[in-house]
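Visitor: I would like a close look at a single part of this structure, taken slowly and with the neighbouring pieces brought in as they become relevant. Please choose one sheet and walk me through how its strands are put together.

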Amino acid sequence: MNIKEFAKLANVSISTVSKIMNHKDESISPATRDRILSLAKKYNYIPYASVKRSGSRTMTIGVLASCSRISDGTLSGIIKAAGEQGYLVTVCGQDPLENPDGTARHIESLLSRGVSGLLWEPLSRELPGSDLLQEAGIPCLTFGCFSRDNVCIPYDALGCKAAEKLLELGHKEIACLAPAQGELADFTKGYKTCLFEHNLPLDCDLLFPSVTNSLLSKITSRAVTSAICSDADTALKLCAKLSSLHCGIPRDFSVITLLDDLRLLSGHAGLSALPVPHEAFGCYLGEEIIHLIEDSPKPVRAFTFSPELTSKGSIAPPAGEQSKKILVIGSINIDNYFNVSSLPRSGKTVSSSLSSVSVGGKGMNQAVGIAKLGQKAALIGHTGDDIPSDTVFSVLRAHDIIDSGVFRCPDYPTGQGYIFIQPDGESMISIMSGANQSMTGKDILDNARLFEDASFCLIQTEIPMAAVRAGLELAKKHGITTLLKPAACGSLDAALLPYIDILVPNKNELAELCPQKGSLEQMADYFLDRGVGHMIITLGEKGCYIKDSSISCRIPAADFPAVDSTGACDAFMSALAAYLQYGYDLVSAARIATYAAGFSVSRIGVIPSLISRTSLEVYLRQKEPYLLKS
């Protein structure tokens, strides 16, 4: 369409069109000018002379940006905003290492294309070629960290928002990972602003340009409980390093990161991220340059947005302020199951038609049972440095159990359990201790930090007594309630009894441990008189007997068909500790624990038969709803 045809379409003179399209429209009314420009957008009218003479209105916006810094999202936003107003966009990329003459040549090139306005991301504070724009009368809006118009993505607001989210959760020791120079340096400014606004002192030792050994040391010593990161790659690297140190995200440490592109969100699953609003910023740039091109009286407005986290997957309250955990100290095995017609005995060979292998050991079983019942669990134990140990760690992580206290011993194999089960559910177990036997008192003391925010400590005697003793003593030092299961234990040192809050033997173990034979009540009194707080004697299909200074009662077993009794005790111990943690009294917790044990014997294997809290409470509401708190 030529100027004559366009003038006829607009019902004005050729002279009027020429004046408006060449910025010489002072004598023309705003209404006429706006109508002509609107028609030019609608019909994409471009004067022929525009390719030869700068200053003509071509309905084209030029973009001069750094190839390495401008994002696809920002360009998409510019193009979107321009298209909605009838403008085209032409982009010219500049190398950050380019000299000033190169920038001026780019501007000359854009002017020769007849752009109506320019969005310019300068490479430095100097603006080479800006005089060419002034001579041509072309409106320009600079953006980025060297913008003369102070137009940039507010990384300071993002840094402030990220730090604020962590403060809301109770974190005060927050590290900031961001570069010291460039646009992202404003992220640190926002972090500092947030601390100032919350009357918190700035510790410059918590500012890091990247993941360093110093930062990792502060995290493992709990001098830092969380971090904000200016980019997702740094956040992922930090999470990977912490995982190798057995530091869980967000259980032990919280992380918030910026995310440059929402399309990458699936690759950063689990990270709590604040998306950088590149596309919204691009739309803002496009709208503002069009305002300037069209001589809008509206001044350049500030870019505003409301950042929101994509998820809360990598943030939680500080470890010390989360609900107390239940600590388990005990054996870790690989259990080998053999289904037999009758249990083996001296002089008799039995064959098995069915066998299976799974992770087990009393320590492992009880930690998983506690986790499935909704409580935070931690385990201290030993495995070998072998292939079976990999399976152990995969199960621990699948149930989100704190595994920093589980140590791979290079000189021992992972423990093995050999379990024979006959059709009525009765079983016989033989243990090859392996790495379990390597545990010492020092191993317990080396994991002293796991006791700091624990409320209950479950210990079994399938590990050396030196480790049992250290666990009981350290738990008492921290004011933690102790539960001891005396498995495979011929005797208990009388000096240990005052450290045991709840002793849970079965009937056979009680008879073996107690030197004074008599009734259940008399044998229970023997231990109570010597410092044990409470006695719970498990009686298999007959339930359990509870005795302390004020209680003496029997609790019947739950009615479940017996298929495999192997894990009944571990299910009972897990549920007892979990529901004591939930605030139930000892008798109620023990009653609930009998249902967990009953469910366990109705399934093959231990870990697969450990019941979840949801399933257990659904069943309890059907059978004994009064047991549950409202």
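**The open sheet and its hairpins**

Guide: Strands E21 and E22 pair in the antiparallel sense, over four bridges, and the two form a hairpin with four residues between them. Since this is a predicted model, what follows describes the model as computed. Within that pairing, Tyr545 stands opposite Arg554 in E22. Strand E21 covers residues 544–547, and both of its faces are covered: Cys544 and Ile546 are buried on one side, while Tyr545 and Lys547 are buried on the other.

On its other pairing, E21 meets strand E20 (residues 534–538), again in the antiparallel sense and over four bridges. Here Tyr545 appears once more, as the bridge partner of Ile537. The hairpin of E20 and E21 has five residues between the strands, and in this hairpin Gly540 takes a positive phi near 65 degrees.

These strands belong to an open sheet of nine strands with mixed pairing, whose order is E14-E13-E10-E17-E18-E19-E20-E21-E22. Strand E14 (402–409) and strand E22 (552–555) stand at the edges, and because each has a single partner strand, one side of each is left without a neighbour in the sheet.

Further along the order, strand E18 (residues 481–485) and strand E19 (residues 502–503) pair in the parallel sense over two bridges, and Leu483 stands opposite Ile502 in E19. A helix is also placed against this part of the sheet: helix H15 (residues 465–477) lies across strand E10 (325–329), strand E17 (454–460) and E18, and runs at about 165 degrees to E17.

For the setting beyond the sheet, it helps to turn to the nonpolar cores. The largest nonpolar core has 72 residues, of which Leu119, Ile228, Leu238, Phe253 and Leu285 touch the most other members. Helix H7 (residues 155–168) gives the most to this core, with seven residues. Apart from it lies another core, of 59 residues, among them Met364, Ala367, Leu379 and Leu616.

One loop position may also be worth a look while the model is open. Ser342 lies in the loop between strand E11 (333–340) and strand E12 (352–360), and it counts as buried because its relative accessibility is 18%, where the cut-off for buried is under 20%. Leaving aside its neighbours within four places in sequence, Ser342 is in contact with Lys348, Val350 and Gln422.

Methods. Residues are numbered from 1 along each chain as its sequence is written. This is a predicted model: local features need pLDDT of at least 70, side-chain atom pairs count only at pLDDT 80 or more; totals for chains, interfaces and linings use all residues. Side-chain values use heavy atoms; hydrogens and water are left out. A nonpolar core is a set of buried Ala, Val, Leu, Ile, Met, Phe, Trp, Tyr and Cys residues joined through side-chain atoms within 4.5 Å. Buried means under 20% relative accessible area, exposed over 50%, partly exposed in between (1.4 Å probe, protein chains only). Contact means heavy atoms within 4.5 Å. Two strands pair if DSSP finds at least two bridges between them. Axes are lines fitted to C-alpha atoms, for helices over the stretch in contact, and angles run from 0 to 180 degrees between N-to-C directions.
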